Amino acid sequence: MPAVGGVPADGVPGRVYTGKLTPLVTVTCIVAATGGLIIGYDIGISGGVTSMDPFLKKFFPSVYRKKHEESSTNQYCQYDSEKLTMFTSSLYLAALLSSIVASTVTRKFGRRLSMLLGGLLFCVGAILNGFAQAVWMLIVGRMLLGFGIGFAGQSIPLYISEMAPHKYRGALNIGLQLSITIGILIANVLNYFFAKIKGGWGWRLSLGGAMVPALIITVGSLVLHDTPNSMIERGLHDEAKQKLKRIRGVEDVEEEFSDLVAASEASKLVEHPWRNLLQRKYRPHLSMAILIPFFQQLTGINVIMFYAPVLFNTIGFGSDASLMSAVITGGVNVAATFVSIYGVDKWGRRFLFLEGGIQMLICQAIVTAAIGAKFGVDGDPGELPKWYAIVVVLFICIYVAGFAWSWGPLGILVPSEIFPLEIRSAAQSVNVSVNMILTFAIAQSFLSMLCHMKFGLFLFFAFFVLVMTIFVYFFLPETKGIPIEEMGRVWKTHWYWSRFVSDDIHPNVEMGMGPALAIKNVC
């Protein structure tokens, strides 16, 4: 069937490329998405390990003493330790640094090599952590894990977005977020059982177990196909055309191929992609590359996922109960992600963003009231009734569900699909870097913030959820059903962003001729 004109949900006319969702694309995207296991496993494992007494006694004895020997210690402050938070947050500082290098590797050598390096580094870090005998070994191991996450976070979203047909790009890309949530759930379950091992060495299995997801993405990267976009970018045009025919399952790929080539030729005229990000015409892209990960981290979700066992233990749950509560929230996280997979290409990105934001805001207000009513400002709750624990876990689960079908997957999907090829690697690197800066800052400061802000900490995050929901309503255009190389037209028709890009998008794109002809006419 030849390509025909179409009208996406935003009402902007454009082309619909030939092709279908082939088994090859499905399998390769699933394999690539398993890279999310290394990210999710680490998020889930760190909070559980830091609530295990043998781990605290060996590496962080001051925290152990506060937890057990100083009964008058304020419940809000029992885990307040800069050394302990450095164990968690050092990974994200390393990921920030490696994401900058990963941008160059991803652009010059392809997405697959970047994934391979990520898997290898993660594997070495997991081994070092599993055999750690001192705090410095933990920190170095965590930093190696961070270097691996920097490479994986840079390359995997781009890989999936470039391989997937535009009609299924949302669902396939959210496979990465699903993989992250599964990694978190697996880590929570393993923490629960490893904590029961007699002899107190279960934490070694928890930390060393990160080798398994690392090996999965390492082996997977060796068997994956490179994307046509990446091959064209490296001058392999004939191979790229044959690969495009294979992954789309049709012979007629001329229209999409010519657009990819034209976009690549335009990108080669850009000598300094980092500097060009500051140009006026890329203002919408740079804004989204910064603000989407900024807001995503300030939802407060990492407070729940990093420190779920610690948090539940702080608000009165026993050690076993806190680990089990983390398993429950992890299960909700996985289940709710399927809602996003089903709805992202059906209901659109904006609807999920807005609904999830409102849901999280309501839940944060209720959790704040529940914790404030029982713990007050002195952190002494007395005896907690069972119904109280159920209410807190219930609304935290509803909050996690709201994140899991909105800001969780869409915070990864939307940035990966809106950047033009000439700035794609650089912009994705900015996106990952901002994500890691905020993740590091929150991981490093959360326990101290909890100690000083007490239940008001949840209001702090609720404020940002309100701001980001308003931001999405006014400034984020709908990208559902738009081919990745034609994404420029969503900015052309936006009430605010059009003032920045209108002079740089040729009218022919607006009329559906596509970027290839538009670039030829401009040149």
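## Close-up views of a predicted model

**View 1. Thr329 sits in helix α17 (residues 319–343).** Here, helices (H or I, at least four residues) are DSSP runs, numbered from the N terminus. This is a predicted model, in which local features need pLDDT of at least 70 and side-chain atom pairs count only at pLDDT 80 or more, while totals for chains, interfaces and linings use all residues. Residues are numbered from 1 along each chain as its sequence is written, and side-chain values use heavy atoms, with hydrogens and water left out. Is Thr329 buried or exposed? Thr329 counts as buried because its relative accessibility is 0%; buried means under 20% relative accessible area and exposed over 50%, with partly exposed in between (1.4 Å probe, protein chains only). Now look for Asn188: Thr329 and Asn188 are 141 residues apart along the chain, yet 9.3 Å separates their C-alpha atoms.

**View 2. Helix α1 (residues 23–33) has a buried side and a side turned away from it.** Leu24, Val25, Thr28, Cys29, Ala32 and Ala33 are the buried residues of α1. Seen down the axis of α1, these buried residues line one face of the helix, because they fall within an arc of 155 degrees (the arc is that of the directions from the helix axis to the C-beta atoms). An α-helix has 3.6 residues a turn, so residues three or four places apart point the same way. On the face turned away, you can find the exposed residues Pro23 and Ile30. The cover over the buried residues of α1 includes α2, α6 (111–130), α7, α8, α10 (211–223) and α12 (237–248).

**View 3. Val49, in helix α2, meets Phe55.** Val49 is buried, as its relative accessible area is 0%. Apart from neighbours within four places in sequence, Val49 is in contact (heavy atoms within 4.5 Å) with Phe55, Asn191, Trp203, Ser206 and Leu207. The C-alpha atoms of Val49 and Gly202 are 8.9 Å from each other, although their positions lie 153 residues apart along the chain when counted as a separation. Phe55 in turn touches Val49, Thr50, Phe60, Phe87, Leu138, Trp203 and Leu207, leaving out residues up to four places away in sequence.

**View 4. Phe55, Phe60, Ile160 and Trp407 touch the most other members of the largest nonpolar core.** This core has 126 residues; such a core is a set of buried Ala, Val, Leu, Ile, Met, Phe, Trp, Tyr and Cys residues joined through side-chain atoms within 4.5 Å. Helix α21 (residues 421–453) gives the core its largest share, 12 residues.

**View 5. Glu162 in helix α7 and Ser114 in helix α6 are two buried residues to compare.** Glu162 counts as buried at 3% relative accessibility, and Ser114 has a relative accessible area of 0%. Which residues does Glu162 contact, leaving aside neighbours within four places in sequence? Glu162 is in contact with Arg111, Thr227, Asn229, Ser230, Arg248, Leu421 and Arg424. With the same kind of neighbours left aside, Ser114 is in contact with Ala102, Val105, Thr106, Phe151 and Ser155.
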